Amino acid sequence: MLQRHSGIPPNEPFYMGIAVSCLMGIFHMIRFYSGEGAPTIFCRNSGSGEMGKLELSGFEDITFSMRLSCIGYKSPEGYLPCKNSAINTRQCPTCSALDVSRAYTVGDFSTYPSLYEDAKKEEYSLYLAGFGEDIIKCGLTRKERFLSRMVEQGADFGCIIGSFTGPDEVYSKEAEIQSRFSFSNSVRLAQKLRRLHFDRGAASENFRSAVEMVKTSGALPDFTPEILDLSSHYPRMKAATETDSILGQILGAKGEILLFKSEPGGEYAVNMRKKVGTHFKWEKDK
Ligand SMILES: [Zn+2]
């Protein structure tokens, strides 16, 4: 029996409690998250507009379409739909300006001044993150989010190099450290895909020297390096072929790269960042 699913109950896998042999639905992908627990797609029912989440596990069958529309924006209260019903864009300029993530990614609190008051009391960490053998990124996050921030971006190594109270100083410090040591500000998913398999010894050595270089430079107040090896958070892969839909056993995710194994045994990777804003068909056998 096939049943079209009308909506997703919030905060639970949306096939729970429904006695049918197969479920399906068309959803609009808002965000992909792989920090803690199962890789999760935050999505809206393309028909009803109801917001929910899909936790990927076991055998999954997801086909992404070419249909693209604005994801809307995240407010402090949650995800809200696009005011313009904009199509052929992941996020329209109106929604991008309203998105609360701007406050945390670029330190622009102009749309949400009340968040700035909270942020002033918040502890921020400046960190280095290593990807494969050769990429070192310098970034910042709220201190309590450090580990999830490392895992959700798929870093192989991470280390806090500075602590700051409030957002005023940390954003300029981040820019200064990036430019002085030629660290990356962001790492493209294509670069991460090419580094699913790498020499762990060489990577660890390279990361350690980057941390040591910052420590001995005096560019930041002295700190005791605690280097995290994050390998246990990701599936072990030799190599994966990039593909555009999901059909097989979910192995896990590394940042926004979803990894699965097909029935004949091939290992595949889907760039989930590229899928944000698209509409997809999800089918699940019970
Ligand atoms: Zn919009």
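Student: Which exposed residues does the face of α7 turned away from its buried side carry?

Tutor: In this predicted model, that face of α7 carries the exposed residues Gly201, Ala202, Glu205, Ser209, Glu212, Thr216 and Ser217. To read a helix of this kind, one looks at both of its faces, and the buried residues of α7 are Ala203, Phe207, Val211 and Val214. They cover an arc of only 65° around the axis, which puts them on the same side of α7.

Student: Against which elements do the buried residues of α7 pack?

Tutor: The partners of those buried residues are β8, β9, β10 and α5. As for the length of the helix, α7 has 18 residues and its first and last C-alpha atoms are 26 Å apart, close to the 26 Å expected at 1.5 Å a residue. After α7 comes glycine 218, with a positive phi near 80°.

Student: Turning to the other partner helix, what span should the 12 residues of α5 have, and how far apart are its end C-alpha atoms?

Tutor: The idea is to compare an expected span with the one in the model: at 1.5 Å a residue, helix α5 (residues 170–181) should span 16 Å, and its end C-alpha atoms are 16 Å apart, which agrees. The buried residues of α5 are Val170, Glu174 and Ile177. They cover an arc of only 70° around the axis, which puts them on the same side of α5. Ser172, Ala175, Ser179 and Arg180 are the exposed residues on the face turned away from that buried side, while the buried residues pack against β8 (123–131), β9 (135–142), β10 (157–165) and α7 (200–217).

Student: How should I read lysine 173, and how many C-beta neighbours does it have inside 10 Å?

Tutor: Burial is read here from a neighbour count, in which a residue is buried at 20 or more and exposed at 12 or fewer. Lysine 173, placed in helix α5, has 18 C-beta neighbours inside 10 Å and therefore counts as partly exposed. Leaving aside its neighbours within four places in sequence, lysine 173 is in contact with Leu126 and Gly162. Its C-alpha lies 41 Å from that of glutamate 50, and the two residues are 123 apart in sequence.

Student: Which residue follows α5, and what is the sign of its phi?

Tutor: Serine 182 follows α5, and its phi is positive, near 55°. In reading such a value one asks about the residue type, and here the positive phi occurs in a residue other than glycine. Serine 182 lies in the loop between α5 and α6 (189–193), and with 8 C-beta neighbours inside 10 Å it counts as exposed. Asparagine 88 can be read in the same manner: although asparagine 88 is not a glycine, its phi is positive, about 60°. Asparagine 88 lies in the loop between β7 (78–80) and α1 (93–98), and it counts as exposed because it has 11 C-beta neighbours inside 10 Å.

Student: How far apart in space are glutamate 117 and glycine 166?

Tutor: Separation along the chain and separation in space are read as two quantities, and this pair is 49 residues apart in sequence and 9.1 Å apart in space, C-alpha to C-alpha. Glutamate 117 lies in helix α3 (residues 113–119) and is exposed, with 10 other C-beta atoms within 10 Å. A further pair is serine 232 and aspartate 156, whose C-alpha atoms are separated by 9.4 Å and which are 76 residues apart along the chain. Serine 232 is in the loop between β11 (228–229) and β12 (241–242), and counts as exposed, with 6 C-beta neighbours inside 10 Å.

Student: Into which domains is the protein chain divided?

Tutor: The division is into domain 1 (2–114 + 236–285) and domain 2 (124–232). Their centres, taken over C-alpha atoms, are separated by 27 Å. The contact takes 17 residues from domain 1 and 12 residues from domain 2, and the side of domain 1 that touches domain 2 has six nonpolar, five polar and six charged residues.

Student: How many helices and strands does the protein chain have?

Tutor: The chain has seven helices and 16 strands. Its radius of gyration is 20 Å, close to the 19 Å that the globule rule gives for 286 residues, so the chain is as compact as a globular protein of that length. The C-alpha trace spans about 65 × 45 × 30 Å along its principal axes, and 32% of the 286 residues count as buried. Among contacts between residues at least 6 apart in sequence, 61% join residues at least 24 apart.

Methods. Residues are numbered from 1 along each chain as its sequence is written. This is a predicted model: local features need pLDDT of at least 70, side-chain atom pairs count only at pLDDT 80 or more; totals for chains, interfaces and linings use all residues. Helices (H or I, at least four residues) and strands (E, at least two) are DSSP runs, numbered from the N terminus. The radius of gyration is taken over C-alpha atoms; the globule rule is 2.2 Å times the number of residues to the power 0.38. Two residues are in contact if their C-beta atoms, placed from the backbone, lie within 7 Å. The expected span of a helix is 1.5 Å times one less than its number of residues. The arc is that of the directions from the helix axis to the C-beta atoms. Domain bounds come from an automatic or database domain assignment. Ala, Val, Leu, Ile, Met, Phe, Trp, Tyr, Cys and Pro count as nonpolar, Asp, Glu, Lys and Arg as charged, and the others, Gly among them, as polar.
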